[in-house]
Amino acid sequence: MAATSSLLRMEEIEGKGRGLVSLQPLRAGQIILRDSPVLLYSAFPLIKQNSSYYYCDHCFRTMTPLSPQSYSSISVLSCTSCAHNLFCSQKCLSTALKASHSSWVCQALARLRDSGSILLGQPLECQVQARFLIAAYNLAFVSPPDFQILLSLQGSPDAASAAAAQFLHPLISSVFSPTQINPPNECSVELTAALLAKDKLNAFGLMQPFSEDDAQRLVRAYGIYPNASFFNHDCLPNACRFDYVDTSASDDEHNTDFIIRMIHDVPQGREICLSYFPVNENYSSRQRRLLEDYGFNCNCDRCNIEASWSENDEVGDNAEDEEEMMDEDQSEDMMASDTNTNPQGENNDFPHSYFFLRYMCDRKNCWGTLAPLPPKDGIPSNVMECNVCGNLKKDGFDADGERDKSTMED
Ligand SMILES: C[S@@+](CC[C@H](N)C(=O)[O-])C[C@H]1O[C@@H](n2cnc3c(N)ncnc32)[C@H](O)[C@@H]1O
């Protein structure tokens, strides 16, 4: 974590394991981490179905036009041995052939795709786990230090990863061959289960491009980001992640890097947390996801308040429900009390009303989080960027956290 060592320190946080804490006051919009993946793998089935999106199998940039018939009209290159992996440039192809799409990976995936393979009849989740295991065991071969980083992340096998390993391990180990790969760690069902557990708790999803017409945006790829993996979850996060997979220059090898930016100011010594999913989800859905996917019961301030609400009181999965719950005067009153007491609303019964109004994107089907653009020459920006749709808009609140009437709609 060299790049951030003056900003963040890793600490043991009671009940959460390791976490990251601010070493100095951090400003809204400040970039506190840039991270590159040690491992990336596709979120698609082993045999890709027709899709409206095609991605480079190395950098995961969207490739258009969006149909296989039109490949010849754009610079799409395919692996020299298989027609299944496509690349957006010669640079991506040659880099992939040396690492993520080594000849062993190519042959292993081909064998898993064989028509006789029982994997093809399995649900998408299982096929994607197989992709992850191939990528992880390949990492052990092509970059042993990165494989050790993966092993050092949080996660021990639970019943689900142990069961998945029992099923997948024989398939994965059947595609090993001493001449093709010689993993430094002995490949075992226990190691396979441990890898699946690390992946489950730590993988970040790179999402498909945003569209207002698509309420169910899918993941295009998953990545293991070794430094960002130490951020714990909070249902009212103080930082959020921005990626720019499709917007960087076409041969930019860092297009799968992401940054973590502060949503609002925090003092020194504060734990910096992300939300592991969009903040609009209601209490029961958040608790279920956090338990099933990450193995913990969330005890954050927002959950502690919402735990005492009856089901009828629960904020729905969108901001309209939130606004429907409060008539306009009530909403204004709460904002006034939030802003009078604490711009982050931390001591208020409805800390999230302030958060939703200021920091949640209101574009249809977005549910992204807004953070200011990075400060320039120490001057904070009043332009907010959405980390999902990329929309830029003027902050509707002033520096003291008071609502800026000039930006309010009638
Ligand atoms: C991506 S890791 C975060 C770093 C992790 N704490 C560590 O020690 O490496 C995710 C895991 O951290 C723990 N965690 C994250 N947020 C938490 C929270 N709010 N409360 C309790 N545990 C949490 C859970 O075990 C979760 O599965």
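**Exercises on a ligand shell and a helix**

Strand E2 (17-22), helix H6 (189-202) and strand E11 (232-233) each contribute at least two residues to the shell around the ligand, where helices (H or I, at least four residues) and strands (E, at least two) are DSSP runs, numbered from the N terminus. The model is predicted, so that local features need pLDDT of at least 70 and side-chain atom pairs count only at pLDDT 80 or more, while totals for chains, interfaces and linings use all residues. Residues are numbered from 1 along each chain as its sequence is written.

**Exercise 1.** Find which element gives the most to the shell around the ligand, and where the ligand lies relative to domain 1 and domain 2.

*Solution.* Begin with the 18 residues that surround the ligand, among which the closest include Gly17 and Arg18; a residue counts as near if its C-beta atom, placed from the backbone, lies within 6 Å of the molecule. Next, turn to the elements: E2 gives the most, with three residues. Finally, domain 1 (1-36 + 226-277) and domain 2 (39-204), with bounds from an automatic or database domain assignment, both give residues to the shell, so the ligand lies between them.

**Exercise 2.** Determine which residues of helix H1 (residues 90-98) are buried and how they are arranged about its axis.

*Solution.* First, Cys92, Leu93 and Ala96 are buried, meaning that 20 or more other C-beta atoms, placed from the backbone, lie within 10 Å of a residue's own, whereas exposed means 12 or fewer and partly exposed in between. Seen down the axis of H1, these buried residues fall within an arc of 100°, so they line one face of the helix, the arc being that of the directions from the helix axis to the C-beta atoms. On the other side, Gln90, Ser94 and Lys98 are exposed.
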